[in-house]
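Hi,

Here is the structure I said I would pass on. Have a look at it first, and then read my notes below.

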Amino acid sequence: MESYETMPPPLRAAVARSMTSGRGALARRSLLRAAGLGAIGTAALTACGIPAAGRTGDATASTDHSAQEKLVHFSNWTEYIDVTDDGKHRPTLDAFTRRTGIKVAYTEDINDNVEFFGKIKPQLSAGQDTGRDLMVLTDWLAARMIRLGWVQELDPAHLPHAYANLAQRFRSPSWDPGRAYSYPWQGIATCIAYNKKATGGRRITSISQLLDDRSLKGKVAMLSEMRDTIGMTLLDMGKRPEDVDDDSFDAVVARIQKAVDAGQIRKFTGNEYTDGLSKGDIAACVAWAGDLVQLRIDDPDIEYVFPDAGFMFSTDNLMIPDKARHKTNAERLIDYYYQPQVAAQLSAYINYVCPVAGVEPYLARIDKSLAENPLIIPDASMDAKGHEFRSLGDAEDSRYEEKFSKLIGA
């Protein structure tokens, strides 16, 4: 197994950023809740690459023990599911067990995509069971797992609700056309956020304003996650993140570097921008939309916008690893979360973009404002603006991360 120490330096730097302030710092939701900010959904993405890998074991079909063993082992990110106030129960999982008789061994053992990949790589590369039946991976890693042949193709016969209720915007990503290997757990949107007091009441609607408006000098933040900051700037420059190449990447780095040299950008941040934004130390920033649902309730001066040029959109995805012991049980759990009433209960708690069509009336019964919130239920105009970052090969990823690390001083 390739360790953190043996990774190329750019990828080590990216992992460190993710673990301290990016997607790997997901436990921040507990801290925010303790501070009175409520259940905030995060939208951080791990932007780092992963070490090269390949299958060394056999590729024979897995034996499914679902009929004999009413169990499913589910690995997820920290605080990424509904829980009771006392933290002792997960209502949707409890209801699944009562309905099906299938017990869920639920583990919050994903802190970072790269770190988790390191956990499961030895077994998968040897063609062995990881001890997990279901896991949640961000789309760029999900794409790689499919390429490596380390996840199982899903059986549509076990997924009637998922097939019928998957929202159109999620149906056919470039890395998994037709969703043969994955279904979204939640969607993640990147946007611009600003503090009206700090901007003097002016609206901030573009990356160009962040980089060029001198009235914001020293009060701008961009994300330390490469795909979000580079992707949003690519869109502002009229380029598609789906088509990023060396020339367009270098052009974006040069543009942001100019703003850094001019003192326009205060810092590159992970999730900690929320505190600076509320205080007004950060007037405007690139932000993760999930953070803003509760933040705007607590602070009415916080506004957000999805630029006309477009925004970055990604997904965290339910996948069944190769050799999983309870594949059918895992598929039944995936399908369960695609029932609108169940999806509503989940979304009301974590405030991400819901991937389930028809969820609005059920969400409205819980909280009407959530059902009307485009940060959770995007409208058609928002859908049209969403873009994904192209999947990168190992060499590209390392090269781009090295340039990005230098840009942000990591």
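One definition before the notes: Ala, Val, Leu, Ile, Met, Phe, Trp, Tyr, Cys and Pro count as nonpolar, Asp, Glu, Lys and Arg as charged, and the others, Gly among them, as polar. Also keep in mind that this is a predicted model.

I started with the cavities. The count comes to 3 of 30 Å³ or more, and the largest has a volume of about 170 Å³. It is lined by 15 residues, and those closest to its centre are Asp139, Arg227, Ser314, Glu388 and Phe389. By type, the lining splits into 7 nonpolar, 4 polar and 4 charged residues. Helix H5 (139–148), strand E4 (183–195), helix H8 (226–236) and strand E9 (311–319) each give two or more residues to this lining, with E9 giving the most, at 3 residues.

H8 deserves a look for another reason too: 11 of its 11 residues are buried. Among them are Arg227, Asp228 and Asp236. After H8 comes glycine 238, with a positive phi near 80°.

The other thing I noted is a pair of helices. H9 (residues 246–261) and H17 (residues 394–408) pack with their axes 10 Å apart, at an angle of about 10°, so H9 is roughly parallel to H17. On the H9 side, the contact is made by Asp246, Phe249, Asp250, Val253, Ile256, Gln257 and Val260, while H17 brings in Arg399, Tyr400, Lys403 and Leu407. The residues of this contact divide into 6 nonpolar, 1 polar and 4 charged.

Cheers

Conventions. Residues numbered from 1 in each chain as written. Predicted model: local features only at pLDDT ≥ 70, side-chain atom pairs only at ≥ 80, totals over all residues. Heavy atoms only, no water. 1 Å grid on protein atoms, 1.4 Å probe; cavity = no way out; pocket = protein on both sides within 12 Å on 5 of 7 lines; lining within 4 Å. Points joined across faces, edges and corners; volume = space filled by probe spheres on them. Helix = DSSP H or I, 4+ residues; strand = E, 2+ residues; numbered from the N terminus. Buried < 20%, exposed > 50% of the residue type's maximum accessible area, 1.4 Å probe, protein only. Axes fitted to C-alpha atoms, helices over the stretch in contact; angles between N-to-C directions. Parallel < 35°, antiparallel > 145°, perpendicular 65-115°, else oblique. Contact = heavy atoms within 4.5 Å.
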